[in-house]
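Please open the model in your viewer and keep the selection panel at hand. The tour below goes from one selection to the next and says what is found at each stop.

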Amino acid sequence: MPVAADAVPGDALAEPGAAVPAPAETEPDAADAPVLDGKTFDHVLEPRSEHRLPLGDGTWHQIARAYVWVRLISLTALFVVVLAAAAVITALSGETWLWIPAGIVAFIAAWTAAITPRQARSFGYQLRADDLVFRRGILWQRMVAVPYGRMQLVDITHGPLDRAFGIAQLKLVTAAASTGVSLPGLTQEAAESLRDTLVAVAETRRTGL
Amino acid sequence: MTDPAVPPPEGQPPGQPTPPVPPAVPPGQPTPPVGLAQPPGAAAPRPDTRSPLSDGEWHRMHPLTPLFRGGLALVIVAGLVISNLRERIIDFFLRAAVPEGPEFEGDTGDPVDFVLRHGLVPLALLALLVVVIVLVGLFYLAWRFHSFRITGDDVEVRQGVLFRSHRRSPLDRVQGVNLTRPMLARLCGMAKLEVVGAGTDANVKLEYLSTANAEAVRADILRLASGRRLAEQQARGGVHATKTQAAASIVTDALTGLVLGAEEPVAEAASVVHIPVVRLILSRIFSGRLITLLVLVAAAIVGAIVGTPWILFTIVPIFLGFGAVFVRSLTKSLRYAIAPTPDGVRITYGLFTTVTETLPPGRIHAIEVRQPLLWRPAGWWSITVNRMTGKRADQNGNDLFAEVLPVGDRRDVERVLRLLMPGMPEAEWPLVFEHGILGPQPDDPYTNTPRRARILHLLSWRRTGFELTPAALFFRRGVIWRTLGIFPLARLQSVGMHQGPLSRALGVASVHAHTIPGRVSGELGGVDRDAAVRLFADAEAAAVAAGTSDRSHRWGAEVVPDLARSYPNPRGRTESREVAPGAGGAGMDAAGPAGVDAAGAAGADAAGGVPGMVAAPAREKPGSVAAPAREEPGSVAAPAREEPGSVAAPAREEPGAAASRTEREEES
């Protein structure tokens, strides 16, 4: 379910959208909204500080809840495999120093798993009239706006675990390597519909490289 | 100047070779026969003349090409091998001829004496002849199979005998044309032409052509890429010649080249910047590397005093390394020239290997003016750009000529910037120099780092700032190493905004202008949070507007090119907006972009001629987007195609539909 980000509480910020075109008129795929918002989170998590980057206007779509489970399962698997491997090798060879790298990897996996549920809620994207806005991160906030005409290709990938949970990763590629917009954990229908929409819109607004 | 033309097959009218040649030769006009030789006087191509090599037919390279593409090295290596191992070789091959002959080692010293004494001269000569014939045969084959074709839409190269390769690059994607003349080839009056594409390893190389031909072909490629129509097909100033005359003329040209030395390009515009050699040398010495060198030497001396004296010996390789870099950068920058041409900025550089690079309008993605610390007393600056080189990313790193101005004073910088940003309104120029490069000054238009965040930029917080105009985004950075980044909005790929915990505590954020990879970084930290949010929104909107109205990929199609090059045209924007909502309908698709094209080109001539010209050839090969013959990564993805109008309706529906279809098949 999409949530129109209302005025951020306590935010006396000047309206940033003076130059932003009104999203309602020509939003590329108002019809796709139900597909994009099935089984997703319902609000974008933000940092608490007053000085955070504001969400602004418009409808934020989010990623699927299943993404958290996929991440947790793969991180648990990594955690178990690393510790098991370290235990086996230690038992066979008697080298105890192996626990140091194994411990570090296991700790990182556990930490990542711990923050995953919150992190997943911070992903969001908006389909505006002329561009796609992407945001992610709570501690390290990142927002990127990509004009539709700049997209070179749209890439969908899904591994076996992703398929089991019916999610996919959608990546937007522009000529700039630093754009780095990648939406993990969209539902497959959302990913496909988004891809088709983006390709169609990009085609009509193509600009020079 | 005498590349033989390949004749069209008999019976086919020379006028209609392939559909996509807009300015077709009128039937009945003779095509140049094999071995067409032009007298030197007639060879100078007028800027609007089509060279006979770019008439849409297949042509071969200069006959000496195989020699320069590794053939010479082959001959030299073979010569070295023979001279070093001649005893072995003669023993090996001629032993059978004189089985009763004495043991070679016991013979008198030289193997040539051995050959003479045993009457083997004819045999040896025969062997030599066979080797030469085989070599020439191989070279001939390689030459025979290496051909290129320039049509109205593409430039294509076919080569290889066993492993054939066929590379085609769409002309509207041309990012630049480089004319490279390596030392040896230059002595023979030959040059190689590189059509720079967008993407990694996407360049199409025409190597080698005679310098005059290369010049003409380059002019043609640029003119075709510009979308300008040839006013009328000029009568070809060729003189019909026989094959022997052609061969003789090739040899003569080569000899003339050898004797007279390097031949200047035919049409060389005057450079707007002249760098005195002394300044160049001094600037290379007092570059940032000098500081590194001094630090390293000091470290070595300190290390020698404190620790072992042997450390002193590392100074020698340090000096050698730095010396090599110094010499390379110096020889590259010598003979530097930059000049405006109708088809973009032409930059020439290189002492030994001379490269002439033509950057069409709107191919520059970011510009940075910078000043290393040691240049400050002299008031020198250098200019670096981000542009597509068509090379791999790792080659990009040491791309010395991302530096379009190696060193120059304020006037030089201004002249070069005016060439690079032709569309910038006069009122905005103070932003570049007074406020940008030299700033901050009183009533500074730039938005700077707020005082509360000065901890992030301890020295430069007064200078670190940005300014947004309708045409470009300016990032001013650094107080010790002063830089000014200029990002034309029409080329901006996306805009980013980041904020970490420290920035959040200080109420600031960093703004990123995403451009193609290159030396110019698009990051600006320590921007006030509210200003960053505003800039993020405004820059994005301006980038969309600029991108919509930008038509520089077909720069020649514009009636008033200077206005539309990098400056968003409000009228163009509104009109394209009207078209955009009709995106979904297939019927609107074909009409829409063509309408934009027509709207962009105001004159009756352009409106009538250009869209038709662009669209017509493409309609005849709608499958070209997905055709396997297309090799360049830049053109693989369907959206990479620039004018939607030229990709006819069936092709438009393919990419999305086909992609989803295959994906579903994979799933099931």
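Two strands are taken to pair if DSSP finds at least two bridges between them. With that in mind, and remembering that this is a predicted model, select residues 337-341 and 344-349 of chain B, which are strand 8 and strand 9, running antiparallel and joined by five bridges. A hairpin of two residues leads from strand 8 of chain B to strand 9 of chain B, and if you label Thr341(B), you will find it opposite Gly344(B) of strand 9.

Next, add residues 354-359 of chain B, strand 10, which runs antiparallel to strand 9 of chain B and is joined to it by five bridges; here Thr348(B) has Thr356(B) as its bridge partner. Widen the selection to the whole open sheet, whose six strands follow the order 7-6-5-10-9-8 in chain B with antiparallel pairing. Strand 7 (204-210) and strand 8 of chain B are the edge strands, each pairing on one side only, and the twist from one strand to the next averages 20°. Now show residues 211-226 of chain B, helix 6, which packs on this sheet and touches strands 5, 6, 7 and 10 of chain B; the direction of helix 6 makes about 140° with that of strand 7 of chain B.

Staying in chain B, select helix 8 (residues 277-285) and helix 10 (residues 315-333), which pack with their axes 10 Å apart at an angle of about 150°. Angles over 145 degrees count as roughly antiparallel, and helix 8 and helix 10 of chain B are therefore described in that way. The crossing of these two helices of chain B is right-handed. To see the contact, display Leu280(B), Ile281(B) and Arg284(B) from helix 8, and Phe326(B), Ser329(B), Leu330(B) and Ser333(B) from helix 10; by class, this contact has four nonpolar, two polar and one charged residues.

For the last stop, show both chains and find the open, antiparallel sheet of six strands in the order 3(A)-4(A)-5(A)-18(B)-19(B)-20(B). Strand 3 (124-127) of chain A and strand 20 (523-528) of chain B each have a single partner strand, so one side of each is left without a neighbour in the sheet. Within chain A, strand 4 (residues 131-136) and strand 5 (residues 141-147) pair in the antiparallel sense over six bridges, and Arg135(A) has Met143(A) of strand 5 as its bridge partner. Finally, add helix 15 (residues 529-549) of chain B, which packs on this sheet, touching strands 4 and 5 of chain A as well as strands 18, 19 and 20 of chain B.

Terms used: Residues numbered from 1 in each chain as written. Chains lettered and ligands numbered in written order. Predicted model: local features only at pLDDT ≥ 70, side-chain atom pairs only at ≥ 80, totals over all residues. Helix = DSSP H or I, 4+ residues; strand = E, 2+ residues; numbered from the N terminus. Contact = placed C-beta atoms within 7 Å. Axes fitted to C-alpha atoms, helices over the stretch in contact; angles between N-to-C directions. Parallel < 35°, antiparallel > 145°, perpendicular 65-115°, else oblique. Left-handed = near helix turned anticlockwise from the far one by under 90°. Nonpolar A, V, L, I, M, F, W, Y, C, P; charged D, E, K, R; others polar.
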